[in-house]
Amino acid sequence: MSNNGIRKDAYAFCAGMLGFGEDEKIYDLLPYFGGTVGSFTKALAKEGYEAHALSFSGLGSAWDRACEVYASITGTQVDYGVAHSKKYGHERFGKVYNEAKFPNWGKPADDGGIQRLHILGHSFGGATVRMFAHLLAFGSEEERAVTPADELSPLFKGGHGDLLKTVTTIAGPHEGTVVIDAIGIQRPILAALTFYGFGAILGNTPFRKLYDMQLMQWKLTSDRDGKANPFNMLRIGRMRKLWSACDDVYYDLTLKGAKELNEFLETNPDVYYFSIPTDSSKRKKNGMYKQERYSFPLFWYTGWFIGHCKHDPSLDIDIDEWWRASDGASCANSARHPLDEEWQDFDPKKDTAKKGVWNVMPVLRRDHGGCVGLGVEGFFKPEYIRDYYNDYFAMLAALD
């Protein structure tokens, strides 16, 4: 490392539904990326790389979260866009990120070229990083049409796809996951618990510094860095508006929501796309699936609903066996690649990665948490996941 010490590669990590990043105190106790096997970001930092697990909403839509990712990376205020905020009925601006997580992003690097990002998303973080990559490269025609040029967020301008080097989805539900609708009446209970319990109630107490749902655009949570406002808990009308707007994680994870995302999203021909599909299920004689014993108990439960699903109400279609293998939360086949985009099976030991297409890694036999070090196996065999990602990060860094 010389002079300013800027490496040309940096690593940004994006958590999934109900996830958290390093700005929240819970991350100090249990890093979302690495868990019991050791923090991925700290391991990369020891190698001299800039690496951060970004903090943003655990309940927001792919669009809203992508806007928050951009603001976190650049140290700016979240701009959800004039057109988007008007369409869904929430505020245009959100949290102010006072510090850029990657201040050297796009700047000249010691080892040649400019600093580019490897951005990785777990679970719904996969949809988040896909949206971020799309907007960075292509922007938004809708936002450009209604926003004065001097007020337009750089994210919506497009033309910055060269600032990314790779996009990785880990257990990413590209085609959605049937679990959201398969759990039936438990879905609105889960939404109420998270929107109202974690969001409106705990999000307006000191608890938000530990774990924050970050729903400021809906005026439901207080700013984590500001004074808590308990009166936000009483905004039932706002919660109902959020519930019905279809601008949240629960909608985007459905088969219908994922279909709409896929109709919008494109791959950048100058970026490498990788997916790490995960599976911790086994087939029964009747064509249904159940979780392996090593899975975390919560995923035995949710995995059963996925493995026995026969009909999806979001698209009103019958479900066949293709959807039933899972890691307890994401459908294994859905995690491979978007069905409408070009792809290839990819083994890093023998294949050459291609830009602009999905390079599908071999299936990782871990449950939905274990694939990022949050599983039971991490207590007993931490070296497996640790070595897996050490090799994976080295592979990413070796790309041109």
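Strand 5 covers residues 116-122, and 6 of its 7 residues are buried, so the rest of the structure largely encloses this strand. Buried means under 20% relative accessible area, exposed means over 50%, and partly exposed lies in between (1.4 Å probe, protein chains only). Strands are DSSP runs of E with at least two residues, helices are runs of H or I with at least four, and both are numbered from the N terminus.

This is a predicted model: local features need pLDDT of at least 70, side-chain atom pairs count only at pLDDT 80 or more, and totals for chains, interfaces and linings use all residues. Residues are numbered from 1 along each chain as its sequence is written, and side-chain values use heavy atoms, leaving out hydrogens and water.

Now look at the neighbours of strand 5. Strand 1 (residues 9-14) runs parallel to strand 5, and 6 bridges join them. Here Ala-10 stands opposite Leu-117. Strand 6 (residues 164-170) is also joined to strand 5 by 6 bridges, and these two run parallel. His-118 has Thr-166 of strand 6 as its bridge partner. Next comes strand 7 (residues 272-276), which runs parallel to strand 6 and is joined to it by 5 bridges. One bridge partner in strand 7 is Tyr-273, which pairs with Val-167.

Step back to the whole sheet. It is open, has 7 strands in the order 2-1-5-6-7-13-12, and its pairing is parallel. Two strands pair if DSSP finds at least two bridges between them. Strand 2 (50-53) and strand 12 (343-345) stand at the edges with a single partner strand each, so one side of each has no neighbour in the sheet. From one strand to the next, the twist averages 20°. In a regular strand, side chains alternate between the two faces of the sheet.

Turn to the aromatic rings. A search of the whole structure finds 27 aromatic pairs. Rings of Phe, Tyr and Trp (its six-membered ring) pair if their centres lie within 6.5 Å; planes under 30 degrees apart count as stacked, over 60 as edge-to-face and the rest as tilted. The rings of Trp-322 and Trp-323 have centres 4.7 Å apart and planes at 80°, so this pair is edge-to-face. Trp-322 is partly exposed, at 30% relative accessible area, whereas Trp-323 is buried, at 12%. The rings of Tyr-388 and Tyr-389 have centres 5.1 Å apart and planes at 75°, so they too are edge-to-face. Both Tyr-388 and Tyr-389 are buried.

Finish at helix 1 (residues 26-29), where Leu-29 has its place. Leu-29 is exposed, with a relative accessible area of 69%.

Notes:
Axes fitted to C-alpha atoms, helices over the stretch in contact; angles between N-to-C directions.
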